[in-house]
Amino acid sequence: MKWNVSGLDERLQKALRGANLALKLDLSESGKKVIANKIDVGFSVKTTTETVEIGYAKTTDFLRALLYAAGGSDTAQRCAFDELGMMVDCSRNAVLKVETVKKLAAMLACMGYTYIYLYTEDTYEVENQPYFGYLRGRYTKAEIKEIDEFCQEIGLELIPCIQTLAHLDQITRYKDYCDIIDCNDILLCDDERTYRLIDDMFSTLEHNFTSRKVNIGMDEAHFLGLGKYLDKHGYVSKFDIMFKHLKRVLEIAEKHGFRVCAMWSDMFFRMASGGEYYKKFDSAPKELLGKIPENVNLIYWDYYSLDYRHFCDMIDSHFKLSDKIEFAGGAWKWIGWAPINVYSVKSADAAVRACKDKGVKNYFTTAWGDGGAEASVFSVLPALYHLAQCAYGDEENNALFKTLFGAEYDDFMKLDLPNKANGKRAEQRNNSSQFFLYDDLLLDMFDSLIEEGQTAYYAKFAKDLAAVQAGEYGYIFRELADLCLVLECKLNLAVAMKKAYAEKDKAKLKALLPRFDELLAKIDAFYKSFGAAWHSENKPFGFEVQDQRFGGLSARITAVKNKVADYVAGVTDCIPELDEARLPYGCYEGNADFSELFYVNWRQQVSPSNI
């Protein structure tokens, strides 16, 4: 269908031109005429044979209305939240290309989102700090301005999301920073050199972001004050260090024009709850009452529950600390190549309901990258879409997913398949596709988790994924189909090899040798499809880590093949690694329920030895 938008004011036409990266409307003066009028809240769509009449309060309301019009639906809606956002992680090796961020922003605007948190630990250019983000693909000032200007055009607020206390481990290797690291990845508080660095950070933000809001981080600094700070000042409570440091950071933020600072709530919440985060409390300690500054929003982040009551209890506890609360849920893409959309959707169902009932007015979802950011940012489109539908009260309507993304919602949910090889609970959250890929063929730490018939699931999943017609996102499905083919081959080989060795059947072992080459070929195919996906969305920096991991994986499989060949030929009389008695899986993140195991530490996936 053609759409005539010539009668819209220039501001809306400009927004539509940007959002059309996602909507892909055929714009023509011979098309159906679009009429737009301002209303107080939300949006409405009313169509006739010749016109589409849209009422809208915000630019993003107008764009969401156009999505409904394109889908042929008359409606009237309003968002349950004053602000609806997404945080995208550009710090865990995968720094999204500028065009990828723009495309994602256009999609979010068309779904009715109002802001993006751009999470950058050290991946943004900072004046006077040449080693900050060095060789990490950091965003230049010009790139940030380009993204910011695009977001302004389509009605999205681009908000910087940085770290001013911890999570800065990538800079600790440089001599420029080693003297201002307290311990681990935590900055040294009460040191003027630290505040000069933070001042430089804010100078960059001030001149390149339009938003006067910033997320200052300050989460998970568990060893705060226990390194250089302890040596310099003696023991001081985390409470006192945190508040003194926060005061300094807020002063710097105000100096650079930032009126609102958001921060993750866990450090303060743990002080109130006796050290735990996901534990409700009845009253806040008196030393915390009224201490959260007025210009600070506390972010309650919770990606790990499906329980409405749990969310309600935690929100109640947070409101005892401050009346300015943001909620952060999760679009699970941080545990390998495959997302967990089903869990993300079910968690959002409970969390959105709790936030609505408890009066939380700012809700966003996070798309972390964690140990390597392997998953495509677009792999969680179902989770992003469903959250928007919940926020606008239209959660049963999945039809518009295809209108916006060119593929069926249910087909996109199949991207979860590689982690569902035991065929159990639909909402399970494990990353078996990652730890089984990297699990050593001889040491096989995850051996006890392989269930009978599991490899048959991978073969089926590969076919199901390859069959999906996903248009421009077909590369994600091909990538995960290739992953499933690797897993089918690898697990079959591992089981057969161990069985033949236990039976001392050298003939069977010899017959297995060509299957090592088959496995290497499948890994190479997966590596290539993964690389194609990465480089289509991200800057090249960070992929060198994947080169090292895949190179190591292939080299180790070749070494195992040679060990087996030597044993078969009589060059060696045993394979010591296979003689070692196997114990049940028992690492520290262990869970007796396979469906709940997510184990994302690559170093601990590949070997129990030191890396």
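Which residues form one aromatic cluster? The members are F269, Y277, Y278, F281, W301, Y303, Y304, W332, W334, Y343 and F598. Before going further, a word on what you're looking at: this is a predicted model, where local features need pLDDT of at least 70, side-chain atom pairs count only at pLDDT 80 or more, and totals for chains, interfaces and linings use all residues. Residues are numbered from 1 along each chain as its sequence is written, and side-chain values use heavy atoms, with hydrogens and water left out.

Back to the rings. A pair of aromatic rings is described by the distance of the centres and the angle of the planes. Here, rings of Phe, Tyr and Trp (for Trp, its six-membered ring) pair if their centres lie within 6.5 Å; planes under 30 degrees apart count as stacked, over 60 as edge-to-face, and the rest as tilted. That rule gives 62 aromatic pairs. Take Y119 and W368: their ring centres are 4.8 Å apart and their planes sit at 80°, so this pair is edge-to-face. The two partners come from distant parts of the chain, 249 residues apart, with Y119 in strand β8 (residues 115-119) and W368 in the loop between β16 (362-367) and α12 (381-391). Those element names follow DSSP runs, numbered from the N terminus: helices are H or I with at least four residues, strands are E with at least two.

Are Y119 and W368 buried or exposed? Buried means under 20% relative accessible area, exposed over 50%, and partly exposed in between, with a 1.4 Å probe and protein chains only. Y119 has 1% relative accessibility, so Y119 counts as buried. W368 counts as buried too, at 9%. Another tyrosine to click on is Y113, in the loop between α3 (98-111) and β8. Y113 is buried because its relative accessibility is 0%. If you want a sense of span, the C-alpha atoms of Y113 and A500 are separated by 56 Å, with their positions 387 residues apart along the chain.

Some rings have a charge for company. A charge sits over a ring if NZ of Lys or CZ of Arg is within 6 Å of the ring centre and within 35 degrees of the ring normal. R248 does this with Y195, its charged end 4.3 Å from the ring centre. R353 lies over the face of Y308, at 3.7 Å from the centre of that ring.

Now for the empty space. Rolling a probe the size of a water molecule over the atoms shows where such space is left. On a 1 Å grid over the protein atoms alone, a cavity is a set of points where a 1.4 Å probe fits but cannot get out, while a pocket is an open set with protein on both sides within 12 Å along at least five of seven lines; lining residues have an atom within 4 Å of a point. Grid points are joined across faces, edges and corners, and a volume is the space filled by probe spheres set on the points.

How many cavities of 30 Å³ or more does that give? There are four. The largest has a volume of about 130 Å³. Its lining has 17 residues, with K333, A373, A375, V377 and N538 nearest the centre. Two elements, β7 (83-89) and α18 (506-537), give two or more residues to that lining, and α18 has the largest share, at four. By class, the lining of the largest cavity has 10 nonpolar, two polar and five charged residues (Ala, Val, Leu, Ile, Met, Phe, Trp, Tyr, Cys and Pro count as nonpolar, Asp, Glu, Lys and Arg as charged, and the others, Gly among them, as polar).

The second largest cavity comes in at about 80 Å³. Among the residues lining it are G329, S344, Y363 and L387. Helix α11 gives the most to this lining, with three residues, and the lining has four nonpolar, five polar and no charged residues.

Finally, the largest pocket has a volume of about 1500 Å³. It is lined by 40 residues, and R92, D169, D370, G371 and G372 lie nearest its centre. The class split is 16 nonpolar, nine polar and 15 charged. Why does this pocket lie between domain 2 (83-405) and domain 3 (413-606)? Because both domains give residues to its lining; the domain bounds come from an automatic or database domain assignment.
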